[in-house]
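Hello,

Here is the structure I promised to pass on. Have a look at it first, and then read on for what I found in it.

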Amino acid sequence: MTGQDGERRDLAAMLQPLVRSLIAAELPVLARHGISMWGYAVLSALDDNPVRTQAALAEAIGADKTRIISTLDKLQESGLISRTPDPGDRRARLLLITEDGRRVRRSAQAGIQANEDRLLAMLPPADRRGFLRAVRALSALSHEDIVG
């Protein structure tokens, strides 16, 4: 990571292969639960912080609101979310995670984190704690803080 002259690779260059591999490890877990990566993102967002409208959800997960419609359709057909017209704005849909959706999300998360625990166990305990502390701190930064 750091060369003899004190230089290091860019963070994105170091993290991108790791993130790509972590996503590849998540895909079979999600498939076993019958959901896509976007489906998992939707269920996680609705379980962690209920989002009232499709537009607010799309913004929260960084998706185009028109592109998540098919994901929402599949989740609703599977009984994992409900969508109802907003009484204050009949054009908008209110989203809620169902108990089945919450169960699927949490089961998928447990499977994902079991693999992450296996990976993290490859680090000495102090490095593992430091890595998780740093990732939490950096992921809590706003987009504006990161891009400047």
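How many salt bridges does the structure hold? There are eight. Please keep in mind as you read that this is a predicted model.

Let me begin with D47, which takes part in two of the pairs I looked at. Its salt bridge with R105 brings the closest N and O atoms to 2.9 Å from each other. D47 sits in helix α2 and R105 in helix α5 (residues 99-120), so this pair ties together parts of the chain that are 58 residues apart in sequence. Is D47 buried or exposed? With a relative accessible area of 10%, D47 is buried, and R105 is buried as well.

D47 also meets the side chain of R106 in a salt bridge, at 3.1 Å from N to O. Here too distant parts of the chain are linked, with R106 in helix α5, D47 in helix α2 and their positions 59 residues apart. R106 has a relative accessible area of 46% and is partly exposed, whereas D47 is buried.

Another pair stays within helix α5: R103 and D100 form a salt bridge whose closest N and O atoms are 3.9 Å apart. The two are three residues apart in the helix, so about one helical turn separates them. R103 is exposed, at 52% relative accessible area, while D100, at 42%, counts as partly exposed. Salt bridges with shared partners also build one network, made of D47, D48, E99, R102, R105 and R106.

Next, helix α4 (residues 69-77). Which of its residues are buried? They are T71, L72 and L75. Looking down the axis of α4, these buried residues fall within an arc of 95°, so they line one face of the helix. The face turned away from that buried side carries K74 and E77, which are exposed. Covering the buried residues are elements that include α2 (37-48), α3 (54-61) and β1.

T71 is a good residue to click on in α4. Its relative accessibility is 11%, and because buried means under 20%, T71 counts as buried. Leaving aside residues up to four places away in sequence, T71 touches S36, W38, G39 and V42. After α4 comes G79, which has a positive phi, near 75°.

Now for the strands. β1 (residues 81-86) and β2 (residues 89-97) run antiparallel and are joined by six bridges. A hairpin connects β1 to β2 through two residues. If you would like one pair to find on screen, T84 has L94 in β2 as its bridge partner.

Last, the surface. What makes up the nonpolar patch of about 880 Å²? L11, L15, L18, V19, I23, L27, L119, M122, L123, F131 and V135 make it. Two elements, α1 (11-32) and α6 (125-139), each give two or more residues to this patch. The largest share, six residues, comes from α1. V19 is in helix α1, and at 40% relative accessibility V19 counts as partly exposed.

If you want a place to start, try D47 with its partners R105 and R106, and then turn to the patch that L11 and V19 help to make.

Best wishes

Technical notes. Residues are numbered from 1 along each chain as its sequence is written. This is a predicted model: local features need pLDDT of at least 70, side-chain atom pairs count only at pLDDT 80 or more; totals for chains, interfaces and linings use all residues. Side-chain values use heavy atoms; hydrogens and water are left out. Two strands pair if DSSP finds at least two bridges between them. Helices (H or I, at least four residues) and strands (E, at least two) are DSSP runs, numbered from the N terminus. Buried means under 20% relative accessible area, exposed over 50%, partly exposed in between (1.4 Å probe, protein chains only). The arc is that of the directions from the helix axis to the C-beta atoms. Contact means heavy atoms within 4.5 Å. Patches are made of residues with over 30% relative accessible area and no salt bridge: like charges are joined within 9 Å, nonpolar side chains (Val, Leu, Ile, Met, Phe, Trp, Tyr) within 5 Å. Accessible areas come from the Shrake-Rupley method with a 1.4 Å probe; for residues, only the protein chains shown count as cover. A salt bridge is a side-chain nitrogen of Lys or Arg within 4 Å of a carboxyl oxygen of Asp or Glu.
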